[in-house]
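Here is a quick tour for anyone meeting this structure for the first time. Take a look at the model, then read on.

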Amino acid sequence: MDWLFLIEVVLSGLGSGALFALTGIAFVLIYKATKVINLAVGEMLMLCAYFFFGLTTALALPVWLAIILTVIGGGVLGGVVERALIRPMLGESPISVFMVTVGLSSVLIGFVELVWGGDPRTLPNFLPTKPVFIGDAYVSPKIAVCFVVASLLIAGFLLVFRKWRGGVALRATAADQGAAFSCGINVPAVFSISWIVAGMATAVSGILIGSIGGISPSMGVFGLTVLVAVIVGGLDSIAGVLVAG
């Protein structure tokens, strides 16, 4: 057996798994708060990647500023979707809400194709290109950077939602919405926060994934792949989706 090749494949897999886990957080946060499986996570990720592309090419903004604006845009997208489409559906059957997210994914794909066309695009090359070696094992520099960024963000999510009052409110709402409401927790606000943070997570994932393989209207399929890891790890467990990813 070629052990060096095996180690390189494992390291590459860990980098990809970190992106799975980061995207999976969007599924988990929304499901924990609202019990909604958002099938449009992949398309939200795609739209954010195209938004970043537009900021850096059409507007020629610096990459660092485009990243900040894209993350903010992802949060706005999540908040608008929750307020305009999901909140009016509260109390309806789960399958009805699920189908709304299916329709949303189609709308986002159509919007991207209308604005940017259906051809694949390449994001500006802002990630390092210097080879990364762990011992004798080679790791793609893009994969290495994505692994570090995704790991730091995931650790931040875990810390914030354990220590921040909003995280406590989210866990309380996930456990029992009625009890949380009776304790004075603003449950609708928790719903909005979960969608906003999930939108920001998809924005970061979209930028990282697009920087590795480019962007296209079909890149939303990545969200369905991530959903497999989310189901394995648990739809309501951030730590579980980290391990599963």
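## A patch on the surface

Let's start with Val-148, which is partly exposed, with a relative accessible area of 45%. This valine sits in helix 5. Keep in mind as you look around that the model is predicted.

Val-148 has company: together with Trp-3, Leu-6, Val-10, Leu-14, Phe-147 and Leu-152, it makes up a nonpolar patch on the surface. Add up the accessible area of these residues and you get about 680 Å². Which elements give two or more residues to the patch? They are helix 1 and helix 5, the latter covering 141-163. Helix 1 supplies the largest share, with 4 residues.

## Following helix 1

Since helix 1 gives so much to the patch, with its 4 residues, let's walk along it. Helix 1 runs over residues 3-34, which makes 32 residues. From first C-alpha to last, helix 1 reaches 45 Å, close to the 46 Å you'd expect at 1.5 Å a residue.

Where does helix 1 bend? Look at Gly-24: the bend there is about 25°. Past the end of the helix comes Lys-35, and this lysine has a positive phi, near 60°.

## A pair of rings across the sequence

There are 3 aromatic pairs in the structure. One of them brings together Phe-20 and Phe-222 in an edge-to-face arrangement, with the ring centres 5.2 Å apart and 80° between the planes. Phe-20 belongs to helix 1 and Phe-222 to helix 9 (residues 221-233), so this pair ties together parts that are 202 residues apart in sequence.

Is Phe-222 buried or exposed? With a relative accessible area of 18%, Phe-222 is buried, because the cut-off for that label is under 20%.

## One salt bridge

Now for the charged side chains. How many salt bridges does the structure hold? The count is 1. The partners are Arg-87 and Glu-82, and their closest N and O atoms are 3.2 Å apart.

The two partners get separate labels for exposure. Glu-82 is buried, with a relative accessible area of 1%, whereas Arg-87 is partly exposed at 22%. Arg-87 misses the buried label because that one is kept for values under 20%.

## Looking back

If you want a few spots to revisit, try the bend at Gly-24 in helix 1, the edge-to-face rings of Phe-20 and Phe-222, and the salt bridge between Arg-87 and Glu-82. Then return to Val-148 in helix 5, where this tour began.

How values were computed
Residues numbered from 1 in each chain as written. Predicted model: local features only at pLDDT ≥ 70, side-chain atom pairs only at ≥ 80, totals over all residues. Heavy atoms only, no water. Expected span 1.5 Å × (residues − 1). Bend = angle between axes of the 7 residues up to and from the residue. Phe/Tyr/Trp six-rings, centres within 6.5 Å; stacked < 30°, edge-to-face > 60°. Buried < 20%, exposed > 50% of the residue type's maximum accessible area, 1.4 Å probe, protein only. Salt bridge = Lys/Arg side-chain N within 4 Å of Asp/Glu carboxyl O. Patch = residues over 30% accessible without salt bridge, like charges linked within 9 Å, V, L, I, M, F, W, Y side chains within 5 Å. Areas by Shrake-Rupley, 256 points an atom, 1.4 Å probe, with all protein chains shown as cover.
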